[in-house]
Amino acid sequence: QVQLVESGGGLVQAGGSLRLSCAASGRTFSSYVMGWFRQTSGKEREFVAAINWSSNSPAYAESVKGRFTISRDNTENTVYLQMNALKPEDTAVYYCAARHATSPVFGSWGQGTQVTVSS
């Protein structure tokens, strides 16, 4: 497993931008698919975006396509989520997650970072 620490959350007005970072340690970072998920109170955690080691073909939830961009720096063991054109409905706790390339399950999770978008 890898250890994950998110940062970059905060309060922003609708239409604004934030960039989340997730620093990974513990294992070979490039062997892991990295993802971002989010959760609001009373709802299940939902997928936001994911990226493989080579950064080709990132995947996004329909709700964030065209507004969010996931990227990674394998030399810095860090994955990013650039969030633009933020909406109040993007308000959530955002979690970084990792799964080994051979596993279908995201088995490592960060502690989460709060993103609040005011209208």
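The side chains of D90 and R67 are joined by a polar contact of 2.7 Å. This comes from a predicted model. D90 has a second polar neighbour: a polar atom of its side chain lies 2.8 Å from the backbone nitrogen of K87. On the chain, D90 sits in the loop between β8 and β9, the latter spanning 92-100. A loop position can be open or closed to solvent, and D90 is buried, at a relative accessible area of 1%. The cut-off for that word is under 20%, so a value of 1% for D90 qualifies. The picture at D90 is thus a buried acidic side chain with R67 as a side-chain partner and the backbone of K87 as another.

The same loop holds A85, placed between β8 and β9. A85 has a phi near 50°, a positive value in a residue other than glycine. Most residues other than glycine have a negative phi. A85 is partly exposed, with 38% relative accessibility. N77 offers a second case. Its phi is near 55°, again positive and again not in a glycine. N77 belongs to the loop between β7 and β8. Its relative accessibility is 24%, which counts as partly exposed.

Those loops lead to the sheet. Four strands make it up, in the order β1-β3-β8-β7, and the sheet is open with antiparallel pairing. Which strands stand at the edges? They are β1 (3-7) and β7 (68-73). Each has a single partner strand, so one side of each is left without a neighbour in the sheet. Neighbouring strands are turned by 15° against each other on average, with direction ignored.

Start at the β1 edge. Strand β1 pairs with β3 in the antiparallel sense, over 5 bridges. Two of the facing positions can be named. L4 stands opposite A24 in β3, and S7 stands opposite S21 in β3. The side chains along β1 alternate. L4 and E6 point to one face and are buried. Q3, V5 and S7 point to the other face and are not buried. L4 therefore combines two features: a place opposite A24 and a side chain on the buried face. S7, opposite S21, has its side chain on the other face.

Move one strand inward. β3 covers residues 18-25 and is joined to β8, residues 78-83, by 6 bridges. These two strands also run antiparallel. Within this pairing, C22 stands opposite V79 in β8. L20 lies in β3 as well. How accessible is L20, buried or exposed? At 0% relative accessibility, L20 counts as buried. A distance helps to place L20 on the wider chain. L20 and E62 are 42 residues apart in sequence, and their C-alpha atoms are 19 Å apart.

Next comes the stretch ahead of β7. S63 lies in the loop between β6 (59-60) and β7. S63 is partly exposed, with a relative accessible area of 39%. Its side chain makes a polar contact of 3.4 Å with the side chain of R38. S63 also has a C-alpha distance of 8.2 Å to V48, across 15 residues of sequence.

R38 leads on to the largest pocket. Rolling a probe the size of a water molecule over the atoms shows where empty space is left. The largest pocket holds about 190 Å³ of space. What lines this pocket? There are 13 residues in the lining, and R38, T40, K43, E46 and E89 lie nearest the centre. By residue class, the lining divides into 8 charged, 4 polar and 1 nonpolar. R38 links two parts of this account: it is one of the residues nearest the pocket centre, and its side chain contacts that of S63.

How values were computed. Residues numbered from 1 in each chain as written. Predicted model: local features only at pLDDT ≥ 70, side-chain atom pairs only at ≥ 80, totals over all residues. Heavy atoms only, no water. Pairing = 2+ DSSP bridges. Axes fitted to C-alpha atoms, helices over the stretch in contact; angles between N-to-C directions. 1 Å grid on protein atoms, 1.4 Å probe; cavity = no way out; pocket = protein on both sides within 12 Å on 5 of 7 lines; lining within 4 Å. Points joined across faces, edges and corners; volume = space filled by probe spheres on them. Nonpolar A, V, L, I, M, F, W, Y, C, P; charged D, E, K, R; others polar. Buried < 20%, exposed > 50% of the residue type's maximum accessible area, 1.4 Å probe, protein only. Polar contact = N/O pair within 3.5 Å; in protein donor to acceptor, adjacent residues only side chain to side chain.
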